[in-house]
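Let's take a walk through the charged side chains of this protein and see how they pair up. Keep the structure open as you read.

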Amino acid sequence: MTPSPAVLFVCMGNICRSPLAEAAFRHAATKAGLAVTVDSAGTGSWHVGAPPDQRACAVARRHGIDIGGYRARVVKVTDFARFTHIVALDRANLEHLLSVRPPGSRAEVSLLLDHVPGRQGQSVADPYYGPASAFDTTWRDVTAGAEGLIRKLRILS
């Protein structure tokens with residue numbers, strides 16, 4: 001029997017893109033009836049313990065999802081044993097994950113948009129320094145990535 005998928009989404013600070021990806025993926029998994037473990041983390045420690053950016057909370061809320069209870073954390077080496085899939089939101093964070101990945105780790109490491117046909121190798125743009133509307137673009141990207149990853153996991157299960 002194949003274990004239930006466990007997915008970790010990773011961006012830089014864990015207050016914008018990765019919490020939105022976590023929320024979009026949770027929502028898509030529930031709609032698909034897929035049992036999964038899901039979390040998010042950052043590669044940097046600036047925001048540890050902080051809630052998501054207010055603009056991220058607002059865009060999630062507009063889609064009926066409350067992420068106000070999420071708290072930022074840093075990705076740990078033990079995550080490579082806990083999660084079956086570790087999904088970076090951009091290339092810089094992907095490179096970081098690959099550099100700290102322990103030998104023998106079976107966690108599949110990928111970019112989120114690798115799971116969207118025609119978007120392979122692309123990064124989800126960081127909305128942090130942009131206007132609130134940039135979070136809508138991020139939401140569209142993470143939703144497309146989440147749905148693509150759900151399709152893949154359904155095939156594997």
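A salt bridge here is a side-chain nitrogen of Lys or Arg within 4 Å of a carboxyl oxygen of Asp or Glu. The model is a predicted one, so local features need pLDDT of at least 70 and side-chain atom pairs count only at pLDDT 80 or more, while totals for chains, interfaces and linings use all residues. Residues are numbered from 1 along each chain as its sequence is written, and side-chain values use heavy atoms, with hydrogens and water left out.

How many salt bridges does this rule give? The count is 10. A good one to start with joins Arg-17 to Asp-90, whose closest N and O atoms are 2.8 Å apart. This pair links distant parts of the chain, 73 residues apart: Arg-17 belongs to helix H1 (residues 17-32), and Asp-90 to the loop between strand S3 (85-88) and helix H4 (91-100). Helices (H or I, at least four residues) and strands (E, at least two) are DSSP runs, numbered from the N terminus.

Are these two partners buried or exposed? Buried means under 20% relative accessible area, exposed over 50%, and partly exposed in between (1.4 Å probe, protein chains only). Arg-17 has a relative accessible area of 2% and is therefore buried; Asp-90, at 10%, is buried as well.

Next, look at Arg-55 and Asp-53, whose side chains meet in a salt bridge at 2.9 Å, N to O. Arg-55 is partly exposed, with 24% relative accessibility, whereas Asp-53 is buried at 13%.
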